[in-house]
Amino acid sequence: MKDSDSKNAPISTDRRRVLLGLGAAGAAVAGASLTGNAFAATAPAQVTEAPKSEKTQDHNAFHGPHQSGIVTPRPTAGMMVSFDVLAQDREDLERMFRTLNERIAFLMTGGPVPQVDPKLPPLDSGILGPVVTPDNLTITVSVGDSLFDDRFGLEPVKPKRLQRMVGFPNDALEADCCHGDLSIQFCSNAQDSNIHALRDIVKNLPDLLLVRWKQEGTVPAQAPLKPGQPPESARNFLGFRDGSANPDSNNQKTMNELVWVQPGSDEPGNGEPAWAANGSYQAVRIIRNFVERWDRTPLQEQQAIFGRVKTTGAPMDGRTEADVPDYAKDPEGKVTKLDAHIRLANPRTAQTQRNLILRRPFNYSNGVNKNGQLDMGLLFICYQADLEKGFITVQTRLNGEPLEEYLKPVGGGYFFTLPGVVDSNDFIGRSLLAASAQTTKTA
Amino acid sequence: MNSTANGLPPKKAKPPRALQFAVAGSVILMIAAGAMFYFASQAAQQKRIANSGNETVVTINAKNCEPNSITVPAGKNAFRIVNASDRAVEWEILDGVLVVEERENIVPGLSQVINANLQPGDYTITCGLLSNPRGTLHVTPTAESDAAAKARPSMVAFIGPLSEYRVYLSTQSSALIRAVNDLQQAIDSGDLAQAQKAYAPARAAYQRIAPAAQRLSELDNAINARADYYEKREQDPGFGGFHRIEFGLFSQKSVEGLTPVVQKLQTDIASLKQQLLAQSIAPEQLASMVVRNMRSIAEVRNNGEEERYSHLDVNGFAANLEGTRKVIDLLRPLLAKSSGEVLKKIDTASTALDDQLLMLKTADGLKPYDQVSTEQRKQIADKAKALADALDGIDPALGLSGL
Amino acid sequence: MKKSPLALLLTFGVLQTSLSAFAATAPLDLVTPVSDYKIYVTENVDTLAADTQKFTDAIKKGDLATAKKLFPTTRLSYESIEPIAELFSDLDASIDSREDDHEDGVKADDFTGFHRLEYALFSQNSTRDQGVFADKLLADVKELQSRIAGITFPPEKVVGGAAALMEEVAATKLSGEEDRYSHTDLYDFKGNVDGSKKIVDLFKPQLEQSDKAFVAKVEKNFATVDKILAKYKTKDGGYETYDKVKEQDRKALAGPVNTLAEDLSQMRGKLGLN
């Protein structure tokens, strides 16, 4: 039937109707298109037909000096899960790391799931089918301050700056979504791939890991750039581009300075243990946004609070998102307010260069609060070589910023992201265990 | 005279002209305040040069003024007031019920120059004795005045200070009402000593808000006029207010006949509070009010004429300084932003005057003014003048001059 | 090129009105309402200080019944001036923070103020060891009183306060999570609404100049809220506990409250303030 055809197929018809819209002329054109299928190029799809992706086989290398999922470009779906480690002793702990290593290696590579007697529960949740597709998955393992208590003798080798997250003045931390012995960051092209990976780990380590809290998030996909167009960051749930001034993650030198704990950091005075080289500090914050209130805030105030133009993402004195604001020319904050978010976070002075952090945030949306307001915000994740010079300094500068009126950090924690697994003889956490074994012996 | 029977100003006063202009100007100009500050001060400077020549001579005779109807162009105007009557008098320019400029105590046979920066419109002028007929002053617009009205800086920054000043006027007039109630109770109970004691705090309360109260010409005359402004001086039936009470308590040393006077004062002060809250103050008037208040110490009141029966002048000066400092503090953030030097000068001058007055503190209060030496009086006058001069820097610094 | 009337309307009409501001209010017209608001806040913080004195006296005397009775009425004046009280974030935290603002909940060392005392009075049913919190609350309230006297009210905060109060109601009062131990939320509710309405009333002449329909709509919603609140008035002039508020009334409140938050958020723009 012509009529139903036209409803299903050419979306361009509807787009035209919207674009032309409102006027009688528009209606005439839309009407005209009913008679011919000039725009219909492909066969109409069924309601139940799944969205297509050509990227389900994309995968990231598991082996390398650093874990993946840090300088890796963010895919659409992210998930941060914090665990309590249930291991009773070092032997258990090693088993935990080895099992994790094995599962991660498989999940990031993909492949067929072994079939078992159907009278038994299957080995895999099956949500990706009999052959697991990697779908661009990265799994990044980090350890929390509490893992270095007296359970496993890890205390002497604790990374120097690792600490329990302490609430900032505007925080309203909820105990059941804070901290943890271990964090795992899952990132992939689809939330289902992350969930598959999490369920695999939960199923394979029931005696060693207990989920403490979990937060999922997304990065909205951007239209492909036109030639010559400068790159644009995705928007957060406040409608502003997030990640604009991130350091260049393709620049090895910058990453060595800002993100990776360097070999030789164990020198006196610096004090990072040798095993921690090539790891990084991970700061996670679940930051609720009061979106109803934000949506009722005048645009010019929103822009003054952020220090950026909402449409383009450009700084107040710039044209494009990539433009660098010139605060030296604006010492009184007439163009960009002195307490604007981006100005406090990154004052762009020589001294504050060392405070740069690599942000890797996701937008989250959880449901509805008791008062009928939307529970959504930012799953903030960042990486840095020095937690104190990085996130803690930046967030301290942000204390009292006007944006606080619209934010409430409710959870998160600080973790140390373990060095990468260099080859198949290595496993995640090996260098930590080895270093602590040595100190236990020599002590 | 267009005052009502009870000596109060007419109830329905039109809004002062300055404010009407503020309305028109500010709408356009909220956009580029920074640039406008610059242009406004430039325009003002040029205008000062252009306008320095206009001088109008007015002669005050015993019963009238000549001319009694004057037309001048907008902007800076000088009025040379020649006193041809036989007593010291004052001359005022009024916008509705509000005083725009005034000169007190013009000595017989001498002349004084009043500089007034006038906006286009019709004003009234008072002329010598309070019973003399009023004249009119017609100010015609000029190209400069039109330009200045357009180049007015953003007024948003002044909402805060002006609001706080209105709150200050409200709380201080309430304090004044309480202090005058105390005075009235002492008088009613026939307790001379107590009434004398109650006079000083009531005066201090009045003097803190005097800069604003003195804009309300008629009401302020009822509350604060000295005997000289009445034809029969102390014996004049119209002589009332604070100084009539002072005359009774300190010169006649009696509370007799003061009950109706203090009751009238209570009524007047109640309307004063009402009027102070009802009358808007334009931003540029904040500074000019306190300038005028300091100049009146420097030029007139340092001679001790104000509290001539009680010699409590220092009490009043100190309260004037308090009220002035309130204005300084309210404008401080704006001044600190754009004109640190002006602010420094003001602070130095206000501290100097404060120190000078503190020197007159004695164990049991303040030195009676008849015991203050000529040299010390001169010091007070000089320091009040220095402060007034420093305060004169405020309006140009904030882009408010020449409006 | 010929343009249809509609297109012309779009380019000139709709765009113009949506981008240019409103019939702008002269800034100096705001002096009177802003200063009247400060007088209102000053009176309320004076009441708050006097009430807090009585409330904390009762606690220190161990008079549980009186302390419980005074708790909601004492808070009322704080809630009505919250936009100004919130300007001092340290005091707002120590006077009015809730258990869930602290990671360690009720046990947190810095959990002080009204809700800490509320927890003792209504959840633990005791005044024991509360003297130190009572003293701290009184000291904080007095400090607030003196800071309010000293501060020049930022006009945009005053005008923005009307919306801020309704945001407060929308975010914390509808759910009954503000006074979770005493369930006296309706007093706070009333304080917020009255504080918001006061601001609207003070700026009414200016608002009416630019948009009469706006004022009428806002007043209608205030009236609706008041009407529902009035249903829960008790004989002594107080309010029922929030658990008594019917589900349908909670829902009926949500509409006007959210609409007020939505509408009042335009007040600053309508009055030409940034």
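In this predicted model, residues 1-22 of chain C carry pLDDT values under 50 throughout. For this stretch, the model has 11 contacts beyond four places in sequence. Where pLDDT is low, the predicted coordinates should not be read in detail. For chain C as a whole, the mean pLDDT is 89, with 91% of the residues at 70 or more. The scores for the model are ipTM 0.81 and pTM 0.75.

Chain A is a good place to continue. Its 443 residues include 49% that are buried, and its secondary structure comprises 11 helices and 11 strands. Of the contacts in chain A between residues at least 6 apart in sequence, 76% link residues at least 24 apart. The accessible surface of chain A comes to about 21500 Å², and 55% of that surface is contributed by carbon and sulfur atoms.

Chain C meets both of its partners, and the contact with chain A may be taken up here. It joins 22 residues of chain C to 20 residues of chain A, and about 1600 Å² is buried between the two chains, with carbon and sulfur atoms accounting for 41%. Three residues, C:Glu103, C:Glu167 and C:Arg268, provide 36% of the area that chain C buries against chain A, more than any other three residues. Between these chains there are 4 salt bridges. C:Glu167 appears again in a salt bridge, this time paired with A:Arg296 at an N to O distance of 2.7 Å. Polar contacts between chain C and chain A amount to 6 residue pairs, with both residues at pLDDT 80 or more. On the chain C side, the elements giving two or more residues are α1 (5-19), α8 (155-173) and α12 (247-264). Helix α8(C) makes the largest contribution to this side, with 6 residues. As for α1, its residues 5-19 fall in the stretch 1-22 where pLDDT stays under 50.

The contact between chain C and chain B involves 19 residues from chain C and 20 residues from chain B. Here the buried area is about 1600 Å², and carbon and sulfur atoms supply 74% of it. Chain C and chain B share 2 salt bridges. In a salt bridge between B:Glu164 and C:Lys38, the closest N and O atoms lie 2.7 Å apart. The interface also has 6 residue pairs in polar contact, both members being at pLDDT 80 or more. Helix α2 (residues 31-60) of chain C gives the most to the side that touches chain B, contributing 7 residues.

Helix α2 also features in the interior of chain C, where it is one of the elements against which the buried residues of α6(C) pack. The others are α3 (64-80), α5 (89-96) and α7 (131-150) of chain C. Helix α6 spans residues 114-123, and 8 of its 10 residues are buried, so the rest of the structure largely encloses this helix. The buried set consists of C:Phe114, C:His115, C:Arg116, C:Leu117, C:Glu118, C:Tyr119, C:Ala120 and C:Leu121. After α6(C) comes C:Asn125, which has a positive phi, near 55 degrees.

Conventions: Residues numbered from 1 in each chain as written. Chains lettered and ligands numbered in written order. Predicted model: local features only at pLDDT ≥ 70, side-chain atom pairs only at ≥ 80, totals over all residues. Heavy atoms only, no water. pLDDT = per-residue confidence, 0-100. Contact = heavy atoms within 4.5 Å. Helix = DSSP H or I, 4+ residues; strand = E, 2+ residues; numbered from the N terminus. Buried < 20%, exposed > 50% of the residue type's maximum accessible area, 1.4 Å probe, protein only. Areas by Shrake-Rupley, 256 points an atom, 1.4 Å probe, with all protein chains shown as cover. Buried area = accessible area lost by both parts, 1.4 Å probe. Salt bridge = Lys/Arg side-chain N within 4 Å of Asp/Glu carboxyl O. Polar contact = N/O pair within 3.5 Å; in protein donor to acceptor, adjacent residues only side chain to side chain.
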